[in-house]
Amino acid sequence: MKTRIIVLLLTLALLVGMLASCSNGNSPATTAATTAATTAATTAGTTAATTAATTAVTAAYPIVTDGSVTLDIGTWCHASTAPYEDLLVFQEYEKISGVHVNWITFPQSGFTEKRNIAFATGDLPDAYTKASMSVNDVMKFCTSGAIISIDEMMPTYAPNLNAYLQANPNINKGVTMLDGHIYGTPYILESSAIRVQARMFFDMELMNTVGGTMPSTTSELVDYLKLVRDQDANGNGDPSDEIPLVTSGLNHIFQMTAGSFGLNMNGQSHSFIDMAGGNGFRFLPTTDGYRDQLAFVRELYAEKLIDQEVFTVTSTDALASISQHQAGAVI
Ligand SMILES: [Ca+2]
């Protein structure tokens, strides 16, 4: 039992540090949403755990100083993301904590199946992050003993997260499971800017080539996309191989432009409901703004400003368009 707890504490200290670094400077009152059990510790016994049990471990950084602790953490990785071990943020946290993480990553498609097989066979990493666990999953896995609760250890080993949850009782409720325990560290969105789930990026080199300027309205965006559509923007002699706006799904366009039409004013954790205007809940598909947004997206498609294969294109296809300077903008 001792080794299990130590594995968990190391994981928590590392990840709470990440959380704190992301959430400074914003009012708790603006918190949009939380997702329970984003990171959950498992009871897997590993060589690292055995090592940790005999190593001096503290709740402050560095957690260990002799490089003797390695944690296996399972997660999924998007095709556009570099291997986790190559990401600066994780390299820096390894320096700060002294803990090495062995990332066990799978493609997003099929990840849930891999995760379920791991739980079924007991061949588990020390922890999961971004594990797509629903409340039902967490309750099932904690009932079987595969996931252990962390709430009793948080005051000592995750003091920042513990203080935050005490100061924000609604979020505390959101991450507390039906049995009264907490099984994972939450993913908290505080800034209004990052409540927009889909973000648009522009190929500035291509924008300069077509004489465009950074759009600030939806109509200016349409004007810019038409410039890309009508010119040999990438200068390869073919005026028709540009895709003005590349995305791997219409839903990304709806998410990106929701604010322009006064929709999703409390964030996008729920796609079809917000509380704008102080009149309680709105069901967005019944609003004028939603109808205007439908007309806008239809215009993009009808004017060939988005990929005509948008319903089947993959994120890998989208990445290829960007790398070949065929895309005026990408979501
Ligand atoms: Ca071209």
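1. Let's start with a residue pair in a small sheet: Phe202 stands opposite Ala329 in strand S10. Its neighbour in sequence, Phe201, stands opposite Val330 in S10. These two pairs belong to the pairing of strand S6 with S10 (residues 327-330), which is antiparallel and runs over two bridges. Please keep in mind as you look that this is a predicted model.

2. Ala329 is worth a second look from the other direction, since Leu245 also stands opposite Ala329 in S10. Here the partner strand is S7, which pairs with S10 in the parallel sense over three bridges. Taken together, the three strands form an open sheet in the order S6-S10-S7, with mixed pairing. Strands S6 (201-202) and S7 (243-246) stand at the edges with a single partner strand each, so one side of each has no neighbour in the sheet.

3. Just before S10 you will find His325, in the loop between helix H13 and S10. Its phi is near 55°, a positive value in a residue other than glycine. Most residues other than glycine have a negative phi, so this is a spot to check by eye. His325 counts as partly exposed because it has 16 C-beta neighbours inside 10 Å.

4. Lys304 makes a good companion to that point. The phi of Lys304 is near 60°, again a positive value in a residue other than glycine. Lys304 lies in the loop between helices H12 and H13. With 14 other C-beta atoms within 10 Å, Lys304 is partly exposed.

5. The loop between helix H12 (288-302) and helix H13 (315-323) also holds Thr312. Is Thr312 buried or exposed? Thr312 is exposed, because 9 other C-beta atoms lie within 10 Å, and a residue with 12 or fewer falls in that class. Thr312 and Gly249 are 63 residues apart in sequence, yet their C-alpha atoms are 7.9 Å apart in space.

6. Now for another pair of strands. Strand S2 (residues 70-77) and strand S3 (residues 100-107) pair in the parallel sense over eight bridges. Within this pairing, Thr70 stands opposite His100 in S3. Going from S2 to S3, the chain passes through helix H3 (residues 88-97), and this β-α-β crossover is right-handed.

7. On the way along that path, look at Ala79, which lies in the loop between S2 and H3. Ala79 counts as partly exposed, because it has 13 C-beta neighbours inside 10 Å. Which residues does Ala79 touch, leaving aside those up to four places away in sequence? They are Ser315, Thr316 and Leu319. The C-alpha atoms of Ala79 and Pro107 are separated by 7.3 Å, although the two residues are 28 residues apart along the chain.

8. Helix H7 (residues 159-167) has two sides to compare. Its buried residues are Leu161, Tyr164 and Leu165. Why can they be placed on the same side of H7? They cover an arc of only 95° around the axis, which means that they share one side of the helix. Ala163, Gln166 and Ala167, on the other side of H7, are exposed.

9. With these details in hand, here is the protein chain as a whole. Its secondary structure comes to 13 helices and 10 strands. Of its 331 residues, 33% are buried. Among contacts between residues at least 6 apart in sequence, 76% join residues at least 24 apart.

10. Finally, a friendly word on confidence. The mean pLDDT of the protein chain is 82, and 81% of the residues reach 70 or more. Among the elements, H12 has the highest mean pLDDT (97), whereas helix H1 (residues 2-22) has the lowest (35).

11. Two stretches deserve care when you read the model. Over residues 1-37, pLDDT stays under 50, and the model has 99 contacts beyond four places in sequence for them. Over residues 45-54, pLDDT also stays under 50, and there the model has 25 such contacts.

Note on methods:
Residues numbered from 1 in each chain as written. Predicted model: local features only at pLDDT ≥ 70, side-chain atom pairs only at ≥ 80, totals over all residues. Buried ≥ 20, exposed ≤ 12 C-beta atoms within 10 Å, placed from the backbone. Helix = DSSP H or I, 4+ residues; strand = E, 2+ residues; numbered from the N terminus. Arc of directions from axis to C-beta. Pairing = 2+ DSSP bridges. Right-handed = clockwise from strand over helix to strand, strands pointing away. Contact = placed C-beta atoms within 7 Å. pLDDT = per-residue confidence, 0-100.
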